[in-house]
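Visitor: Could you walk me through this one while I have it open on the screen?
Guide: Gladly, let us bring it up.

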Amino acid sequence: MRLLRAGRWITSTALLLLAGVYVRALVYTPLERMQGAAQKIFYVHVPAAIWAETAMILVGLASVFYLFLKDPRLDRFAAASAEVGTVFAAIVLTTGPIWGKPIWGTWWSWDARLTLTLFLFLLYVGYLLLRNAVTDPAERARFAAVLGICGMVLVPFIHFSVYMFRTLHPMPIVLKPSAPSLPPSMLVTWLLSLGVFTLLYVGFVIQRYALSDLREQLEAAGDGGRGTGGERGDG
Amino acid sequence: MLRAEELHHSFASVRALDGISFSVRPGQTLAIFGPNGAGKTTLLKVLAGLIRPQRGHAHVDGGRRAIGWIGHQAQLYNQLTVKENLRFWASLYDVHPPGELLARLGLEEHADRPVRALSRGLLQRVAIARALVHNPAVLLLDEPFTGLDRTAAETLGRLLAQHAAAGRATVLVTHNVEEGTGLATDVAFMRAGRFVHFAPRAGRGPQQVGEEYRNAIA
Amino acid sequence: MRLPEVVRHSWTVASKDLLIEFRSRTAIVSAAMFVILVLLVFTFARDPTAVAAVDLAPSILWVTLTFAAVLALNRAFQLELENQALDGLLLAPIGRSSIYLGKLLANLVFVGTVELIGVPLLALFFNVTVWPYAAPLALVIVLATIGFVSVGTLFSAMTVRTRVSELLLAVLVLPFMIPPLMWASRATGPLLAGRPLSDIIGWLKMLAAYDIVFVGLALLLFPATVNE
C-alpha cells in the first residue's frame, strides 16, 4: 500500500513537472526556425522514445535475473516495465505523425526512430498477449522471461535493419526531425523533459508493480480462506 | 534405492510438500494414499527429477535412466505403431525393446497397429509396456488404476508383483486405498504435503487400511 | 564410433517427428497448398505493367516463405500434446537441448520441403530465372530459414497449450522474422539479377550472425519453457 502511494506521488509530481516543462517549452523556449510550432512535440516524442527502448532493455535484464533467481518480484517488475513501455511507445507512435504531418507532409515516414519504436510496440504487445494467455503464474513468469530476453536481444538487430532500410529508402522530405542540433535553451528544455519522463517511468512502474503485488496478496488471502485450496497438477 | 530427505516445495502460496523424508529399499512397494491436493503427484515428480524441490533432496539410484513412470496419460504417439513407439522410447534410453515385452503384456498381435486404432484397454497395456521398455529399477505410478479395465488392472498387478520379486522398488500414489493395498509392502497416508502415517503393511488388508486411512485423513 | 549423445538423441526425436509428418502427409500437403495459393494471390493482385516480375520476386518469395514457416511451426509441439508424450521426453535421460534440436531439425526439414516446392513455383508463375543461381540462392534460403525457425521453435513450445495458439505464435514470432526476411530479400534481388556472391556477402554475414545468436539463445532458454 505504501509503495502504491509512493508511486502515485511520484507520478503526480512528474505529471505536474511535465506540465511545467511544457509551459517552458511553449512560452520560454524559442521557436525552431524551420519547423515552427510543431517542433515542440519533440520534447515529448524523443524522451518517450528513449524510455520506450530503455524499458525493453530493462524487461530483458529483469527477465535474465528472474530465470536465475526465480524471484517473483523481478517478474512483476518486468511486467510493469513492459506495460509502461507500451504506453511510451504508443506516445511516440502518436506524436510522431502529429509532428510529421506539418513538417514532412505525410502522416507516417519510415524514420529510424519511428520504425524502431513500432517494432518495440509490436514486441511489447506480443509480450503482454503471452502473459495474458498463460494461466499458471509460475509458467507465465518463465515464459514471459524467455520472450523478454529474446526481445532485448532483437533490439540491436532491429537497429541494424532500420539503419540499412533507411540508407536504401531516403527520407521523402529534406528536414530531419530526429536530432536537430540544439541551441542551449532548447537543450535545457529537452533535458528537463528527459528527466521528467524518467520520473514518469519510475512512478508508473512503481504504481503498476504495487498494484500487481496487492492483487497477488488478495488472491492468496482468498485461497487461504477456502481451506485446502487447489493444487496444480495433483491427482 | 530411492531416498527423499526433507522435501519442501510450494506453488504460489500452496505448500505441496511440507517436510517429506523416506526411503524405499529394493523389493519394496510403497503405496502412498492421499486425497486430491495432498501433494502426491508433486512428490512423484520430484522423485522423477521433473521438479527440483525448493528445499531438500531426492535421490534415485541410477538416475532418470532407472526410472519408469506410469500415469494417467499414455505418453504415446497416436500415429505410430506399437512397435515404433516402443522402439522410439527405448532408443532414448539407449536400449532395444526386450523381445518378450510384448508377449508379457499380450500385445504381440497388435505390434504393427497404429496406437490410435487401439481400444482403451489395449492402449493402457501399451503404456505399461512403454514404461517397462528400458527395464527400469524403480517404478513410479501416479493413479495407475484410474480408468483401467479389468484385464489391464490384473496385468498391472501381476507386473508389479514380478517387478518387486525381481528386487526392484516401486512407489505408487493413489486415492484408491482398496486397489493399492494389495500390492504394497509399505503404506503411507499423505495429507497437505506431509505423511501422517508411514508403516509396513504387515498383513493388514484393504478393509483395515481403508478404515485407518479414513480416520487419519478425515 | 558413437556420435555424441546430443546428436544421437536429437536425431531420434527429429526422425520420429518426420516419420509422423510424412506418414500422414496432411501437414505437408496443406503447407504446399498454402504456398501455391499465396503465390496465386500475388499473381492476380499484381499489376503486370507496374513493376517487373524480377524486381518483385524476392519480396514475394520471402513473404510467402515467412507465412508458410509460421504455419508449419505450430506442429512441432502439437505432436507431443495428444498423450502427454512431452512428459515422457522430459523423463528420459536426454538433455533438454536434444529435444529442442530435434524439433528444430524436424521443423527445418519440413519448412525446407515447402521451400523446395515454393521456389520453382515462384520461378514458374513469375517467369523468373532461378536455376543458374540455385546454389547461392539455396545458401540464402538456408540461412534465413534457420533464423525464422529457431525462434519459432522456441516460441511454439510456449504457445502450444494456449487458447489461440497458432495466432499467438504468429504474433510473437513475426517481429523476429522481419530482420532476416529483410536481409534475405535484399540478398535475393542481386542474385536473381546475376550478380556474384561477393556482392551479397554483407547480408549473408548478418544472416549467419542472427542464426548463431538466436540458435544459441534458444538452446539456453528452451529448458525454461519445459522445466517446472
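Guide: What follows is a talk through a predicted model, taken one topic at a time.

Visitor: How many helices and strands are there in chain C?
Guide: Chain C has 9 helices and 0 strands, so its elements, read from the N terminus on, run α-α-α-α-α-α-α-α-α.

Visitor: And how does its radius of gyration sit against the globule rule?
Guide: The radius of gyration of chain C is 18 Å, close to the 17 Å that the globule rule gives for 228 residues, so the chain is as compact as a globular protein of that length. Along its principal axes, the C-alpha trace of chain C spans about 60 × 35 × 30 Å.

Visitor: What share of chain C counts as buried?
Guide: Of its 228 residues, 54% count as buried, while the area that chain C exposes is about 9,300 Å², with carbon and sulfur atoms supplying 70% of it.

Visitor: Which residues have the most contacts inside the largest nonpolar core?
Guide: That core has 219 residues, and those with the most contacts inside it are Phe22(B), Leu43(B) and Leu140(B), along with Trp62(C), Phe155(C) and Phe176(C). Helix α5 of chain A, residues 137–168, gives the most to this core, with 15 residues.

Visitor: What does Trp62(C) touch?
Guide: Leaving aside residues up to four places away in sequence, Trp62(C) touches Val140(C), Ile141(C), Ala144(C), Phe148(C), Leu181(C), Ala184(C), Ser185(C) and Thr188(C).

Visitor: Switching to chain B, is Val60(B) buried or exposed?
Guide: Val60(B), which is found in strand β4 (residues 55–60) of chain B, counts as buried because its relative accessibility is 9%, and the cut-off for buried is under 20%.

Visitor: Which residues does Val60(B) touch?
Guide: Not counting residues up to four places away in sequence, Val60(B) touches Met1(B), Leu2(B), Leu47(B), Ile67(B) and Val138(B). Of these, Leu47(B) is 13 residues from Val60(B) in sequence and 7.1 Å from it in space, C-alpha to C-alpha.

Visitor: Why is helix α2 of chain B largely enclosed?
Guide: In this helix, residues 82–92, 8 of the 11 residues are buried, so the rest of the structure largely encloses it. Among the buried ones are Leu86(B), Phe88(B) and Trp89(B), as well as Glu84(B) and Asn85(B).

Visitor: What do those buried residues pack against?
Guide: The buried residues of α2(B) pack against α3 (101–104) and α4 (120–132) of chain B, together with α1 (5–24) and α5 (85–91) of chain C. Just after α2(B), Asp94(B) takes a positive phi of about 60°.

Technical notes
Residues numbered from 1 in each chain as written. Chains lettered and ligands numbered in written order. Predicted model: local features only at pLDDT ≥ 70, side-chain atom pairs only at ≥ 80, totals over all residues. Heavy atoms only, no water. Core = buried A, V, L, I, M, F, W, Y, C linked by side-chain atoms within 4.5 Å. Buried < 20%, exposed > 50% of the residue type's maximum accessible area, 1.4 Å probe, protein only. Helix = DSSP H or I, 4+ residues; strand = E, 2+ residues; numbered from the N terminus. Contact = heavy atoms within 4.5 Å. Rg over C-alpha atoms; globule rule 2.2 N^0.38 Å. Areas by Shrake-Rupley, 256 points an atom, 1.4 Å probe, with all protein chains shown as cover.
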